[in-house]
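Colleague: I would like to learn how to read pockets, cavities and ligand surroundings in a model. Please take me through them.

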Amino acid sequence: MSTKIDLRGKRAVVTGAGKGIGRTIAQKLHACGARVVAVSRTADDLQTLQTEIDCETIAADLVDAHGASELIEKVGDIDLLVNNAGISVPQSFLETTMDAFDRTMAVNVRAVLAVSQVVVRQMINRKVSGAIVNVSSQASMVALTDHTAYCASKGALDQLTRVMALELGPHQIRVNAVNPTVTLTPMAEMAWREPAKRNSMLSRIPLGRFAKPEEVADVVAYLLSDHAAMIHGATLPVDGGFLAN
Ligand code: NAP
């Protein structure tokens, strides 16, 4: 039995593949042999990704669920889906605006529902054993100051993941979530640069460091692969032990 993750012959959609964790996931899945369809908002990011890996690209704003669904429908047969696109608008509870809340829920939750519905329908029609990973966060399980909408959206995403697992399991479509801690994308490096904030979060991570995008991408590739054939409906921390605290 091969211990290497082998996704040859699979076609994988990755949302939010233009930057950060999603871009690293797209690169990882390509390295594992999958044919990648990279979805993101900024067309320039997708163009530069195409200079790094051979992939199809779709420039779409996932806030527009209807428009995004139509574009994904045109992609055709998909075996693997990574719902990675997500946004965070840091606001305290009393300062959270309706606009920020709606946008956060639209990208982090509603788009996952819309894109997954399109992909799952064709998986069921083709009778393939598909796999889906939703990129959630440790913020789904604990409260983080100034992350009101974000925490709410990731809590909802974990529950969406469980319902998908419940209903799609009989179709042999596996659905899981990964729940990373702070992961050092360029944006997170900026957000956590301030020493007091950084050290306070680091002190709650038993391994004493933040995650690297590659460490999240490795777990996503594993969950999509046959090595995880019996893992279904899980919300898997990639958090250096933060949630064990
Ligand atoms: P990032 O660096 O900001 O990248 C997010 C990607 O998603 C970008 O390519 C972005 O494109 C795309 N995206 C955002 N909104 C979109 C929309 N409406 N339509 C289409 N694409 C959109 O974020 P990240 O840190 O890699 O986060 C990726 C996922 O991991 C998110 O779900 C996040 O919640 C989760 N996560 C991150 C961390 C962390 O510390 N980094 C920790 C836990 C969980 P544009 O730039 O063009 O908008």
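The dialogue below goes through the ligand site, then the pockets and the cavity.

Modeller: First the ground rules: this is a predicted model, where local features need pLDDT of at least 70, side-chain atom pairs count only at pLDDT 80 or more, and totals for chains, interfaces and linings use all residues. Residues are numbered from 1 along each chain as its sequence is written, and side-chain values use heavy atoms, with hydrogens and water left out.

Colleague: Which residues surround the ligand?

Modeller: A residue counts as near if one of its heavy atoms lies within 4 Å of the molecule. Here 29 residues surround the ligand, and Lys19, Arg41, Thr42, Tyr150 and Thr183 are the closest. Helices H1 (20-31), H5 (148-168) and H6 (186-191) each supply at least two residues of this shell; helices are DSSP runs of H or I with at least four residues, strands are runs of E with at least two, and both are numbered from the N terminus. By class, the shell has 13 nonpolar, 12 polar and 4 charged residues. Ala, Val, Leu, Ile, Met, Phe, Trp, Tyr, Cys and Pro are nonpolar, Asp, Glu, Lys and Arg are charged, and the others, Gly among them, are polar.

Colleague: What polar atoms lie at the ligand's oxygen and nitrogen atoms?

Modeller: The cut-off for a polar contact is a pair of N or O atoms within 3.5 Å. A polar side-chain atom of Tyr150 is 2.5 Å from a ligand oxygen. On the backbone, an N or O atom of Gly18 is 3.4 Å from a ligand oxygen, and a polar atom of Ala60 is 3.4 Å from a ligand nitrogen. The ligand taken alone exposes 880 Å², of which the protein buries 91% (Shrake-Rupley method, 1.4 Å probe).

Colleague: How is empty space found, and where does the ligand sit?

Modeller: Rolling a probe the size of a water molecule over the atoms shows where empty space is left. On a 1 Å grid over the protein atoms alone, a cavity is a set of points where a 1.4 Å probe fits but cannot get out; a pocket is an open set with protein on both sides within 12 Å along at least five of seven lines; lining residues have an atom within 4 Å of a point. The ligand sits in the largest pocket, meaning more than half of its atoms lie within 2 Å of the pocket's grid points. That pocket has a volume of about 1600 Å³, the space filled by probe spheres set on points joined across faces, edges and corners. Of its 50 lining residues, Gly86, Ile87, Ser88, Tyr150 and Met187 are closest to the centre. H6 gives the largest share of the lining, 4 residues.

Colleague: How many cavities of 30 Å³ or more are there?

Modeller: The search finds 1, with a volume of about 30 Å³. Helix H4 (residues 98-126) gives the most to its lining, 4 residues. The lining has 6 nonpolar, 2 polar and no charged residues.

Notes. A polar contact is a pair of N or O atoms within 3.5 Å; within protein, one must be able to donate a hydrogen and the other to accept it, and residues adjacent in sequence count only if both atoms are side-chain atoms.
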